[in-house]
Structures are given as structure tokens and as C-alpha cells.
Amino acid sequence: MRVSTYAALCAVLCGLANLLVYTGYEASVFIGESVLHSVSGREPQRIGAHDGYYGMAVSNAFYMLSTLAVPSLMNYMRCKWILALSGAFFTFYFLSFQCLNRYLYFVASAVLGMAFSTFNIGYGGYLTEFSTRQTMARNQAMSWAVACFSVFGAGVVNFIVTTINLDENGITSKYREYSDTEIRYFFAVFAFLGVLGIAIFVFLPNREVNDNISASNIRCRSVKEQLSVMFSVLVHKRVLILVPFYLYVGMFFSFWVSIIPTAFQFTKALSLNVYIPAYYAISFTAGSVIMSLLTMKMSTVVDNFSFKPQMIINAILHILIYALTVCMIPQWSTVRPNDEPSLLIEPSVFPVLVLAFLIGLADAANYITRNVISSLLLPTRRQQMFGASRFYHGLAASILFFASPSLSIYSYAIILTVFLIVSTIVYLYTCEYIQSEEQKISYENSS
């Protein structure tokens, strides 16, 4: 099999497994806070009203901490087995909702954090096994073009399960409510998708291609050495410069995957439409696919498109997103059900679709730019670089979720815009540094 065909096959299969596992995860996060808010309304002793946010904070805290040690697993198993382990962790989290209570939920949230770290380290590592410097951006975009349909899948699952349960359970108040039966149906489907993802991870191809990026990575021989190297990477001056960017990516992911869908279901004008999460997911997917296809095309036309050009486009998209959210979402819909008026734009399906489409474009750009620059910043410590980027991602997300019960939509817009400006500046500076270093090496090799 030709190397290019093999790489495309690996990228598509890995993206497909990612699609299945993250379909369940993203569908669960879309409704998580609303689900727990519904259960708390019926049985406050069983779960807290804002435990959805606190659970995500716990999962991101464990994600951050486990990221320090998870790269050492690569000394004992191939990346595809690390991915299979992550699928098992995700499936455990989904199954915990069959007997939901506060203590089990927070334990499962901690396991979910470990699912994130094992998945991201395994996923980034697996992609580098069949990618070279020239094909990295293309393979990343190709895999992501498949994987980003997970949000579409989340919307489809939400639509189907909601429709099946609508006659019996429906909306029991003027805001979206979830019955215990509906919750069990939802999370049983998510667990089934997790099992399918595990099966694909187990059968991923193992061959490495010549001049692949992972070959230059120096692996640690023990957990102690891994922790030492990981800490050194976390405080490396090149990494510290990019910390605002990594923090921002973590906050933005938390914002679109949980805060925004929750705000929709807490807004009276939108919550009466039980299919809003499905519409949001479908429109988001359209944006992600278009950005992935654009990246694949432009990467063959513009040198280093995923450096400065894509980041500038990304910054503009994010500004539009925050402007639209402030204009459309009532101030406190992020925290509680309400029927307060929006600032300028009446909440309805059309602006939701526009917002979701912009978020899809921006999230795909975030993902691609982060992985590309992380794979090039410290060539001999790429796995630790992937870990460092996720460490700061988890740190930012954990802090944001712990603060979420006190933050309005205006607070989110201000905080995220400030970080966006700083992260754009440091990203562009780092791109300039990497390009100058590569030119210097190229000149020395040709002399």
C-alpha cells in the first residue's frame, strides 16, 4: 500500500473511532447541566442543581493532573491501545448515569478526566506515527474532518431519543426537563457508541512510515523520568510564551460544548423547542467540516497556512461569536432558567444556527492550529508538548467551570475576548520564531 494511501486510511479510521466516542461525550455535555438540574428539581438530596458544572470542573482537574503521567504509557503500549483505554473510561462515565447519584457522578467525572488525557495523548501520538513534517497539517485536517461529525452525531442522537420519549415525557414545565427514563435511554446509547469506538481503536493499523514525526521524539524510560521531563516542558520558555493560547483553547472548548447549549435550554424562548441541541450540533458540524476542508485545500496552496493565516481568520471568527452571544443570549441564561429579554437579537432558531456554524469554524481552526504548532515547537519532546497543551487546557477549563455558577454571558464574553487578544499575539510571535528557526536549519544544511 502506498504511503499516502496508508496515511489517509489511518487518519480516516482514527477519525471514525473519535467520531463514535465523542458523539456520546458531546451529546452528554450538551445536556449535562440541564439533566442534573432536572434531577435536582425532583430530588435535591440526590444531586445538586449546578453539579453539572462542578462535575466538568472535576473532570478537567483530573484531566490536567493525569496529563502529566499519561505520556509514560507510551513506554509500555502502542498509541492505539492507549486510545482503547480512553474509550473504556468514556464508557464507564456514560454507564454511571444508569444509577445516578452525587457520589458516583463525581467519581465518574474524575474517570472522564482520565479519559480525556489518555485519548488526547494517544490520538496525537498515533497521528504522528504516519505523518511527516509535510503531511502533518493535511492528516490532522483529514482526521478532524471525519471526527468533527461527532457533534452532528450528537445532534442526531439527541433528536432520535428526544422524539422517542416526547409523547410520554415531553416538556413537563415551561423549560426543558429530563425524566429518569429519558436520561437512562440517552446514556445507554452513549455507552453503546463508546463500545463501538473501543473496537475500532483495537483494530487500528500499527505501521510507522519513513521520516514520521514520532521518530524524532525521545521517549522517557520511567514514570519518574516522564514527570521530570513533563515539568521541564511545562515551564520551558517556548511553552510559557504559548500558555495564553493553550488556556484560551481550553476555555473556548468549555464555552461552546457546555455553557452555550445550557444557556439555550435555560432560555424560555429557546427551551420550548426540544430540538435546539440537535440543530446546534448539525450547524456546528457544517462549520467544522468546511474549516477542515478549507485547511486541507489551502495547506497545498499556501505554505504554513495553519500558522499565521489561519490564526488571523480564527481571531476574526471568535470576535463575531462573542458579539452574537452577547446580543442574543439573556444575561443569566448561563446559570438558571429565565424569561429575561436578550440585548438586541430575539432568541430563535436562525441566530442559533448562525452562532453554531461560526463556533464550528472556530473550533476546527483552534484544534488544527494547536496540534500543528505543538508538534513543531519542541521536536524531540512532541508527546510532552501535546501533554503540556492539554495540561493548560484542563487548568483553564476547570477554573472556568468552578466559576460558572457565578458568571453571566457578559462575563464570559469579556474574559474570553481578553484571552483571545493575548493568545493571538503570542501565537503569531511563536509562528515567526518557528519559521526563522526552520530557515536557519535549512541554510545550515545547504551550506
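Guide: Helices are DSSP runs of H or I with at least four residues, and strands are runs of E with at least two, numbered from the N terminus. The structure shown above is a predicted model, in which local features need pLDDT of at least 70, side-chain atom pairs count only at pLDDT 80 or more, and totals for chains, interfaces and linings use all residues. Residues are numbered from 1 along each chain as its sequence is written, while side-chain values use heavy atoms and leave out hydrogens and water.

Visitor: What makes a space count as a cavity?

Guide: On a 1 Å grid over the protein atoms alone, a cavity is a set of points where a 1.4 Å probe fits but cannot get out, and its lining residues have an atom within 4 Å of a point. Grid points are joined across faces, edges and corners, and the volume is the space filled by probe spheres set on the points. The structure holds 5 cavities of 30 Å³ or more, and the second largest has a volume of about 60 Å³.

Visitor: Which element gives the most to the lining of that second largest cavity?

Guide: Helix H1 does, with 4 residues. The lining includes Ser28, Val29, Tyr93 and Ser258.

Visitor: Why is Thr67 called buried?

Guide: Buried means under 20% relative accessible area, exposed means over 50%, and partly exposed lies in between, with a 1.4 Å probe and protein chains only. Thr67 has 0% relative accessibility, and therefore counts as buried. Thr67 lies in the loop between helix H2 (51–66) and helix H3 (79–95).

Visitor: What makes Glu432 and Lys308 a salt bridge?

Guide: A salt bridge needs a side-chain nitrogen of Lys or Arg within 4 Å of a carboxyl oxygen of Asp or Glu. The side chains of Glu432 and Lys308 meet at 2.2 Å, N to O, and the pair is therefore a salt bridge. The two belong to distant parts of the chain, with Glu432 in helix H15 (residues 409–446) and Lys308 in helix H12 (residues 308–328), 124 residues apart.

Visitor: Why is Glu432 called buried, partly exposed or exposed?

Guide: The relative accessible area of Glu432 is 42%, so Glu432 is partly exposed, and Lys308, at 29%, also counts as partly exposed.

Visitor: Why is Arg46 placed in one class and Glu43 in another?

Guide: Arg46 has a relative accessible area of 16% and is therefore buried, whereas Glu43, at 26%, counts as partly exposed. Their side chains meet in a salt bridge at 2.9 Å, N to O.

Methods:
1 Å grid on protein atoms, 1.4 Å probe; cavity = no way out; pocket = protein on both sides within 12 Å on 5 of 7 lines; lining within 4 Å.
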